[in-house]
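Reader: I would like a close look at one part of this protein. Please take the buried core and the strands around it, then work outward to the charged pairs and the surface.

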Amino acid sequence: MAERVHPADSPPTSAEHPAPKAATSSPEKPAPQPGTYVIQIPKDQIYRVPPPENARRYEHLSKRKDRRSSCRGCCCCLLITIIVLLLAATIAAAVVYFVFKPESPNYSVENVAIKGFNLTSSSPLSPEFDVTVRAHNPNDKIGIYYEKGSSVGVYYEDNKLCNGALPSFYQPTNNVTVLETALKGSAIELTNGALRALSDQQNKGAVPFTLKLRAPVKIKMGSVKTWKITVKVTCKITVDRLTAASRIVSKDCDYGVDLW
């Protein structure tokens, strides 16, 4: 008769060695599953590890914060540089003003001789204006270089009658220079209304014209010469007649500059 064989992993029970009773699990602390371990770690040694998706998001946000910080740093450096440059320019301008005490030059039209106006003919006009311009430099420490490329024109209403240029020259300090320039025009056609208006104004002894002068200049302060600056002069003049013996009845000149 064969003997009963018990499995090796399940030893037989006997009366002398009864099988241990299964541990009753507490409802508050469930018993661990077979094959598991319970490790107790102090609470102050526990570190939170984010899941993979949160880790990637955290890394992305960290890089974006770094970029923002670098951009803010660049903006701050640029702003500081601009402020320093403006402060330096202000100080330099103040030094120039107190050392050289610059004053604006003065311009005026002293005389006008007119030829070439035949208001009784319908043929095109060829007007000529011999204009005398007075330029005054009132500065004690500043000279003015008048460069090539100037232009002088005379207008009646919106019609340009003639044009010319000023000579290039250097005007020293505390100097008055009188310039005579010949302005010429050709084949100028005016409407019948404009011709009648000129005739009526000449009969009244008040013919208005506008003279526009544009001159590139360089300012000399000590041994330093600036870049080219454009002087703009606009004069409203009124003459009594359209002849070589014309006389200026009234004049008003406005002055301005283009620094660039």
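Author: What follows starts with the overall build, moves into the core, and ends at the surface.

The model is predicted. The protein has 2 helices and 11 strands. Read from the N terminus, the order of elements is α-β-β-β-β-β-β-β-α-β-β-β-β. The chain holds 260 residues, and 26% of them count as buried. The accessible surface comes to about 19100 Å². Carbon and sulfur atoms account for 56% of that surface. Contacts across the sequence matter for the view that follows. Among contacts with a separation of 6 or more, 65% join residues 24 or more positions apart.

Now the core. In soluble globular proteins, nonpolar side chains tend to be buried together. The largest nonpolar core here has 44 residues. Within this core, F117, F129, L161 and F209 touch the most other members. Strand β8, residues 207-221, supplies the largest share of the core, with 8 residues.

Take F129 next. Neighbours within four places in sequence are set aside here. F129 is then in contact with V112, A113, I114 and F117, among others. Its list also includes V154, L161 and C162. Further along the chain, F129 contacts T181, A182, L183 and F209. Two of these partners, F117 and L161, are themselves among the core residues that touch the most other members, and F209 is another of that group.

T181 leads on from F129. T181 sits in strand β7, residues 175-184. Is T181 buried or exposed? T181 is buried, because its relative accessibility is 6% and the cut-off for buried is under 20%. The T181 side chain has a partner too. It reaches the backbone oxygen of A165 at 2.9 Å. Beyond four places in sequence, T181 is in contact with F129, D130, V131, A165 and L166.

Strand β7 also holds V178. With residues up to four places away left out, V178 touches T132 and V133. V178 and Y107 are 71 residues apart in sequence, yet their C-alpha atoms are 9.8 Å apart in space.

V152 gives another view of the inside. This residue belongs to strand β4, residues 151-156. V152 counts as buried because its relative accessible area is 2%. Which residues does V152 contact, leaving aside its neighbours within four places in sequence? One group is C162, N163, G164, A165 and L166. V152 also contacts L183, and then L211, K212 and L213. A165 and L166 are contacts of T181 as well. G164 deserves its own note. V152 and G164 are 12 residues apart in sequence, and the C-alpha distance between them is 5.1 Å.

Next, the charged pairs. The count of salt bridges comes to 5. One of them joins K251 to E110, with the closest N and O atoms 3.7 Å apart. This pair links distant parts of the chain. K251 is in strand β11 and E110 is in strand β1, residues 106-115. The two residues are 141 residues apart. K251 is partly exposed, since its relative accessible area is 42%. E110 is partly exposed as well, at 38% relative accessibility.

D240, R241 and R247 form a network of salt bridges. D240 pairs with R241, where the closest N and O atoms are 3.5 Å apart. D240 also meets R247, at 4.0 Å from N to O. Exposure varies across the three residues. D240 is buried, because its relative accessible area is 12%. R241 is partly exposed at 39%. R247 is exposed, with a relative accessible area of 53%.

Last, the surface. W227, Y255, V257, L259 and W260 make a nonpolar surface patch of about 590 Å². V257 is found in strand β11, residues 248-258. That strand also carries K251 of the salt bridge to E110. How can V257 be part of a surface patch? V257 has a relative accessible area of 36%, so V257 is partly exposed, and patch residues need over 30%.

To recap, F129 and T181 touch each other inside the protein. K251 and E110 tie strand β11 to strand β1. V257, also of strand β11, belongs to the nonpolar patch.

Note on methods
Residues are numbered from 1 along each chain as its sequence is written. This is a predicted model: local features need pLDDT of at least 70, side-chain atom pairs count only at pLDDT 80 or more; totals for chains, interfaces and linings use all residues. Side-chain values use heavy atoms; hydrogens and water are left out. Patches are made of residues with over 30% relative accessible area and no salt bridge: like charges are joined within 9 Å, nonpolar side chains (Val, Leu, Ile, Met, Phe, Trp, Tyr) within 5 Å. Accessible areas come from the Shrake-Rupley method with a 1.4 Å probe; for residues, only the protein chains shown count as cover. A salt bridge is a side-chain nitrogen of Lys or Arg within 4 Å of a carboxyl oxygen of Asp or Glu. Helices (H or I, at least four residues) and strands (E, at least two) are DSSP runs, numbered from the N terminus. Buried means under 20% relative accessible area, exposed over 50%, partly exposed in between (1.4 Å probe, protein chains only). Contact means heavy atoms within 4.5 Å. A polar contact is a pair of N or O atoms within 3.5 Å; within protein, one must be able to donate a hydrogen and the other to accept it, and residues adjacent in sequence count only if both atoms are side-chain atoms. A nonpolar core is a set of buried Ala, Val, Leu, Ile, Met, Phe, Trp, Tyr and Cys residues joined through side-chain atoms within 4.5 Å.
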